[in-house]
Amino acid sequence: MKDKQLPDWFNGTVYEEGATITNRFSGKSYVLGAEEASMYDLIMGIRYVGDHRGWTDELRDLNYKAEAWFKETNPEAYDILIK
């Protein structure tokens with residue numbers, strides 16, 4: 001795993017503790033650290049807004065950056081929870 005510090009562009013809620021997240025499609029779970037859980041929730045929020053209100057260029061860009069950070073930081077969790 002790489003350094004988990006959240007990037008400057010991160011605009012979501014920063015959690016103090018990690019969480020166990022379950023992929024609702026596969027049923028597989030993964031324990032995330034606080035920063036990873038914060039980024040995961042940002043990604044899920046972006047996807048929700050994009051799917052329900054429409055995908056703007058700004059949302060696509062933010063989603064790309066967030067997913068790239070997550071994949072770089074924890075590729076195993078990315079494969080289980082986001083991919």
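Guide: Let us begin with a term: a residue is buried at under 20% relative accessible area, exposed at over 50%, and partly exposed in between, with a 1.4 Å probe and protein chains only. The model here is predicted, so local features need pLDDT of at least 70 and side-chain atom pairs count only at pLDDT 80 or more, while totals for chains, interfaces and linings use all residues. Residues are numbered from 1 along each chain as its sequence is written, and side-chain values use heavy atoms, with hydrogens and water left out.

Visitor: Is Phe-10 buried or exposed?

Guide: Phe-10 is buried, because its relative accessible area is 12%. This residue belongs to the segment before β1. Contact means heavy atoms within 4.5 Å, and beyond the residues up to four places away in sequence, Phe-10 touches Ser-38, Met-39 and Leu-42. From Phe-10 to Met-44, 34 residues along the chain, the C-alpha separation is 14 Å.

Visitor: How do I read the side chains along a strand such as β2?

Guide: In a regular strand, side chains alternate between the two faces of the sheet. Strands here are DSSP runs of E with at least two residues, and helices are runs of H or I with at least four, numbered from the N terminus. In β2 (residues 29-32), Tyr-30 and Leu-32 point to one face and are buried, while Ser-29 and Val-31 point to the other and are not.

Visitor: How many bridges join β1 to β2?

Guide: Strands pair if DSSP finds at least two bridges between them; β1 (residues 19-22) and β2 are joined by four, and they run antiparallel. Thr-22 has Ser-29 as its bridge partner, and Thr-20 stands opposite Val-31. Six residues lie between the strands of this hairpin, where Gly-27 takes a positive phi near 80°.

Visitor: Which residues of helix α2 should I look at? Where does Asn-63 lie, for example?

Guide: Asn-63 lies in α2 (residues 57-73), and it counts as buried because its relative accessibility is 12%. Apart from residues up to four places away in sequence, Asn-63 touches Ile-43, Ile-46, Arg-47 and Trp-55. Its C-alpha is 8.5 Å from that of Leu-42, 21 residues away in sequence. Leu-59 is in α2 too and is buried, with a relative accessible area of 15%. Setting aside neighbours within four places, Leu-59 is in contact with Ile-46, Val-49, Gly-50 and Gly-54.

Visitor: And is Tyr-64 buried or exposed?

Guide: Tyr-64, also in α2, is exposed, because its relative accessible area is 61%. Its C-alpha lies 9.1 Å from that of Ile-43, 21 residues apart in sequence.

Visitor: How many aromatic pairs does the structure hold?

Guide: A ring pair is described by the distance of the centres and the angle of the planes. Rings of Phe, Tyr and Trp (its six-membered ring) pair if their centres lie within 6.5 Å; planes under 30 degrees apart are stacked, over 60 edge-to-face, and the rest tilted. The structure holds one such pair. The ring centres of Trp-69 and Phe-70 are 6.4 Å apart and the planes are at 65°, so the pair is edge-to-face. Both Trp-69 and Phe-70 are buried.

Visitor: How much space lies in the largest pocket?

Guide: On a 1 Å grid over the protein atoms alone, a pocket is an open set of points where a 1.4 Å probe fits, with protein on both sides within 12 Å along at least five of seven lines, and lining residues have an atom within 4 Å of a point. Points are joined across faces, edges and corners, and the volume is the space filled by probe spheres set on them. The largest pocket holds about 270 Å³. Of its 13 lining residues, Arg-24, Phe-25, Tyr-40, Met-44 and Arg-47 are closest to its centre. Helix α1 (residues 34-53) supplies the largest share of the lining, six residues.
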